[in-house]
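Student: I have just opened this structure for the first time. Could you walk me through it?

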Amino acid sequence: MKTRTIAIGSQKGGVGKTTTVVNLAAWLALLKQKVLIIDFDPQGSTTRCLGMQGKASQGGLKEVFETGALDLLRQADVSCFIYPTALDNLSLLPANIAQADTEIWLNQQAVEDPDVLKNVVDLALPDYQFILIDAPPSLSALPRMAYAAADSLLIPLQCGQMALNTMPRLIELIKTVQQTVNPYLQIEGILLTLFDPAVPYSQKLLEQARKHFKGLVFNELIPRDHRLSEATAAGRPVVLYDMHSPGSRAYRQLAEFLRYKYHPDSDTATA
Ligand SMILES: Nc1ncnc2c1ncn2[C@@H]1O[C@H](COP(=O)(O)OP(=O)(O)OP(=O)(O)O)[C@@H](O)[C@H]1O
Ligand SMILES: [Mg+2]
């Protein structure tokens, strides 16, 4: 079994990265894939969206990184801070790095040794079919570290005017990562989020994105769906809140596509 490690990233905030990590992972888990989420955003939103902030206070990425920085990291040190979630097959390595001094320290780590997160991923790999990393919204050393650890980058693109303007700098960053820390980084795809077919610029953005990034835009579109934000506020993946809502169904389609692409022979559940 080869693990597929996907970072979900964009330098732009509020485009649906965390919503995608949580709900794509939840659907992959329902399709009987063993999935690990690494919450690598100091804001810890993914950890909160899964209602796991209590676990994070018992230890998480911070402790793993402190050990990693001493070059003493072993599989036990990583698995010790991976917690089961409310869904079978879905585990979380939570973020507990929100304090300013820890974030500064982590940024220094990212500059000095961009491979620490990759080492964490390598130690966790054998147990999972998918690892999803929620990367922070910036172009700093931290997301670079997430992209260094991943096979690919999935980029959510929020359907708003000017959305495409944010892409050139991200593409530049991807090229830098490929030239420095991770020559194998692929673009998993561009995922249109908050899509509303009734809004003219949503349709226009879709056409422009398909033209601009030939073959890279997922056929699956994530609609604007208030059930997704309600589920987030309730600290649950949408499958445990309103499984049949349009947003949930869209994440299921994306999960089915990726499951079939990377693990076509694995058994699936019918949810
Ligand atoms: N498809 C959707 N329909 C409705 N609301 C959505 C959708 N996707 C995301 N949201 C809401 O938009 C807000 C931002 O989403 P989210 O937190 O996933 O973005 P993000 O890119 O992770 O943000 P940040 O950059 O701050 O980490 C949240 O309140 C979320 O509930
Ligand atoms: Mg987020």
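Tutor: Let us talk about two helices and then a pocket. This is a predicted model, where local features need pLDDT of at least 70, side-chain atom pairs count only at pLDDT 80 or more, and totals for chains, interfaces and linings use all residues. Residues are numbered from 1 along each chain as its sequence is written, chains are lettered from A and ligands numbered from 1 in the order written, and side-chain values use heavy atoms, without hydrogens and water.

Student: Are H8 and H9 parallel, perpendicular or oblique to each other?

Tutor: Helices here are DSSP runs of H or I with at least four residues, and strands are E runs of at least two, numbered from the N terminus. Axes are lines fitted to C-alpha atoms, for helices over the stretch in contact, with angles from 0 to 180 degrees between N-to-C directions. The axes of H8 (residues 141-149) and H9 (residues 167-179) come within 10 Å and cross at roughly 55°. Under 35 degrees is roughly parallel, over 145 roughly antiparallel, 65 to 115 roughly perpendicular and the rest oblique, so H8 and H9 are oblique.

Student: Which residues in H9 are met by Arg144, Tyr147 and Ala148 in H8?

Tutor: Contact means heavy atoms within 4.5 Å. By that rule, the three H8 residues meet Leu170, Leu173, Thr176 and Val177.

Student: Which helix gives the most to the lining of the largest pocket?

Tutor: H1 (17-30), H2 (45-49) and H11 (226-233) each supply at least two residues of that lining. With 4 residues, the most comes from H11.
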